[in-house]
Amino acid sequence: MEKSQIFYSDKFGEVQEAIREFLNSQEDYLSASTANSPRAVGDAIQDVLGSNLQQVLGEEICKNYSANFARRAMADLAFEDDNGFYYVIDVKTHRLSTKFNMPNLTSVD
């Protein structure tokens with residue numbers, strides 16, 4: 001059985017680093033008023049990634065990319081890799097400075 005080239009290789013770390021570097025290079029997607037709201041930050045990240053994820057990851061990893069989901073859908077972004085594995089992304093944020101956070105568990109078929 002074939003395995004995900006992202007999760008069963010070093011590619012996961014490369015994907016994570018590429019996304020982190022991309023987000024940190026964006027200067028204007030957060031304002032002073034939105035930076036303090038995890039919900040606003042999550043929406044801003046979803047928006048900026050929605051427009052740029054395929055470019056950030058490259059077409060060899062990110063094929064059949066979509067950011068068009070219904071408002072109440074669990075998925076925010078989705079794509080397939082070269083092997084036909086389908087990845088669904090639900091953008092979430094987590095404030096590191098807080099001591100207690102409610103868990104956010106999700107599962108996708």
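Contact here means that heavy atoms lie within 4.5 Å of each other. Helices (H or I, at least four residues) and strands (E, at least two) are DSSP runs, numbered from the N terminus. The structure is a predicted model, in which local features need pLDDT of at least 70 and side-chain atom pairs count only at pLDDT 80 or more, while totals for chains, interfaces and linings use all residues. Residues are numbered from 1 along each chain as its sequence is written, and side-chain values use heavy atoms, with hydrogens and water left out.

A good place to start is helix H2 (38-57). Its buried residues (under 20% relative accessible area, with exposed over 50% and partly exposed in between, for a 1.4 Å probe and protein chains only) include Val41, Ile45, Val48, Leu49, Leu53 and Leu57. The cover over the buried residues of H2 includes H1, S1, S2 and S3. In general, an α-helix has 3.6 residues a turn, so residues three or four places apart point the same way.

H2 is not straight. A kink of about 55° is centred on serine 51, the bend at a residue being the angle between axes fitted to the seven residues ending there and the seven starting there. The end C-alpha atoms of this 20-residue helix are only 25 Å apart, short of the 28 Å that a straight helix would reach at 1.5 Å a residue; the expected span is 1.5 Å times one less than the number of residues. Just after H2, glycine 58 takes a positive phi of about 90°.

The helix also feeds the largest nonpolar core, a set of buried Ala, Val, Leu, Ile, Met, Phe, Trp, Tyr and Cys residues joined through side-chain atoms within 4.5 Å. Of its 17 residues, Ile19, Leu23, Leu49, Leu53, Leu57 and Phe79 touch the most other members. Helix H1 (11-25), H2 and strand S2 (77-80) each supply at least two residues, and H2 gives the largest share, 6 residues. Leaving aside neighbours within four places in sequence, leucine 57 is in contact with Val15, Ile19, Cys62 and Phe79.

The strands complete the picture. Strands count as paired if DSSP finds at least two bridges between them. S1 and S2 run antiparallel and are joined by 2 bridges, with serine 66 partnered by alanine 78 in S2. S2 also pairs with strand S3 (residues 86-89) in the antiparallel sense, over 4 bridges, and here phenylalanine 79 stands opposite tyrosine 87. The hairpin of S2 and S3 has 5 residues between the strands, and its glycine 84 takes a positive phi near 85°.
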